[in-house]
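Open the structure in your viewer and keep the sequence panel beside it, since this tour moves from one selection to the next. At each stop, select what is named and compare the picture with the text.

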Amino acid sequence: MTDVSQISEFGKILIFIITGIIMVCVIFFINKLLAPNNPNAEKLSSYECGEEPTGNAWLPFNSRFYVIALVFLLFDVEMVFIFPWATVFGSHEIAAQDTRWGWLSLTEMFVFLGILIIGLIYVWRKGDLDWIKPTPVVPHTDVHIPPSLYEQLNQEQGRFTVKAFNAETITATAATATTPAAEPARKPMFKPTFKKPANE
C-alpha cells in the first residue's frame with residue numbers, strides 16, 4: 001500500500017481549482033468594498049484606443065479577417081496533437097515492447113501532417129490567405145498612334161524653356177493690352193432688377 005492512488009492526485013487538482021475560484025471571488029469582493037464608485041458619461045463610454053467613439057459599432061468589415069483567424073486557430077490547435085505523438089514516438093519503453101509502435105506512430109504523424117498540408121494548400125489556392133490589394137487597371141484604347149509620334153512630342157516638351165521673369169516687360173505688355181482703341185460705351189437694352197430674398 002505504498003503506491004499513491006490516482007484519486008489523491010485528482011483531489012490535489014480539485015483543491016487547486018477550488019482555491020483559485022475562492023481567491024478570485026475574495027479579490028473581487030475586496031475590490032467592491034474599497035474601490036470608489038463614481039460613474040459618469042466619460043467613464044461609461046466605450047474605449048477605442050483613446051479616441052472618441054463615433055458612429056455605429058455595427059460596421060461592416062471584411063470577412064477575410066475572420067477566415068484568416070480561423071485558419072490560424074485551426075492549424076495552431078491541431079499542432080497540439082503532435083505532443084502526444086512525440087511522447088509515444090520518443091518513449092523507449094514502448095519501442096522496447098514492440099518495434100511496430102514506432103513505425104505506426106511515425107506513419108500516423110505523416111498522414112496527419114499530410115492532411116494539414118493539403119488543407120493549407122486548399123485554403124491558399126482559394127485565395128483566402130491573400131490580403132486585399134487593389135488590382136491596377138491599365139487603360140487600353142484602340143487608337144493607332146505610332147510610338148514615334150509620342151517620342152517626338154516628349155522631345156518637344158523636353159526642349160521647352162521658361163522665360164526669365166522681367167517686371168518691366170510684363171508692365172509694358174499689360175499697358176498695351178489695357179489700352180485698346182476707344183469704343184463708345186453701349187447702353188444695356190434692359191434694366192436688370194434685383195430682388196431681395198424673402199427670408200432676409
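Begin by selecting Trp 85, which has its place in helix α4, and bear in mind throughout that the model you are looking at is predicted. Which residues is Trp 85 in contact with, once its neighbours within four places in sequence are left aside? Show Ser 105, Leu 106 and Met 109, for these are the residues that Trp 85 contacts. Now add Glu 108, which lies 23 residues away from Trp 85 along the chain, and ask the viewer for the distance between their C-alpha atoms, which should come out at 8.8 Å.

Keep Trp 85 and Glu 108 selected, because the next stop includes both of them: the largest pocket is lined by Phe 81, Pro 84, Trp 85, Val 88, Trp 101, Leu 104, Ser 105, Glu 108, Met 109 and Phe 112. About 160 Å³ of space lies in this pocket. Colour helix α4, residues 82-90, and helix α6, as these are the elements that give two or more residues to the lining. Of the elements, α6 gives the most, with six residues. If you then colour the lining by residue class, you should find eight nonpolar residues, one polar and one charged.

Stay with α6, which spans residues 100-126, and select helix α3, residues 64-78, as its partner: the two helices pack at an angle of about 170°, with their axes 12 Å apart. Since an angle over 145 degrees counts as roughly antiparallel, α3 and α6 are therefore roughly antiparallel to each other. To see the contact itself, show Val 71, Phe 75 and Glu 78 on α3, and then Phe 112, Leu 116, Gly 119, Leu 120 and Val 123 on α6. The residues of this contact divide into six nonpolar, one polar and one charged. Phe 112, shown here on the α6 side of the contact, was also part of the lining of the largest pocket.

Finally, clear the selections and view the whole chain, which has eight helices and zero strands. Of its 200 residues, 4% are buried. Among the contacts with a separation of 6 or more, 69% are between residues 24 or more positions apart.

Methods
Residues numbered from 1 in each chain as written. Predicted model: local features only at pLDDT ≥ 70, side-chain atom pairs only at ≥ 80, totals over all residues. Heavy atoms only, no water. Axes fitted to C-alpha atoms, helices over the stretch in contact; angles between N-to-C directions. Helix = DSSP H or I, 4+ residues; strand = E, 2+ residues; numbered from the N terminus. Parallel < 35°, antiparallel > 145°, perpendicular 65-115°, else oblique. Contact = heavy atoms within 4.5 Å. Nonpolar A, V, L, I, M, F, W, Y, C, P; charged D, E, K, R; others polar. 1 Å grid on protein atoms, 1.4 Å probe; cavity = no way out; pocket = protein on both sides within 12 Å on 5 of 7 lines; lining within 4 Å. Points joined across faces, edges and corners; volume = space filled by probe spheres on them. Buried < 20%, exposed > 50% of the residue type's maximum accessible area, 1.4 Å probe, protein only.
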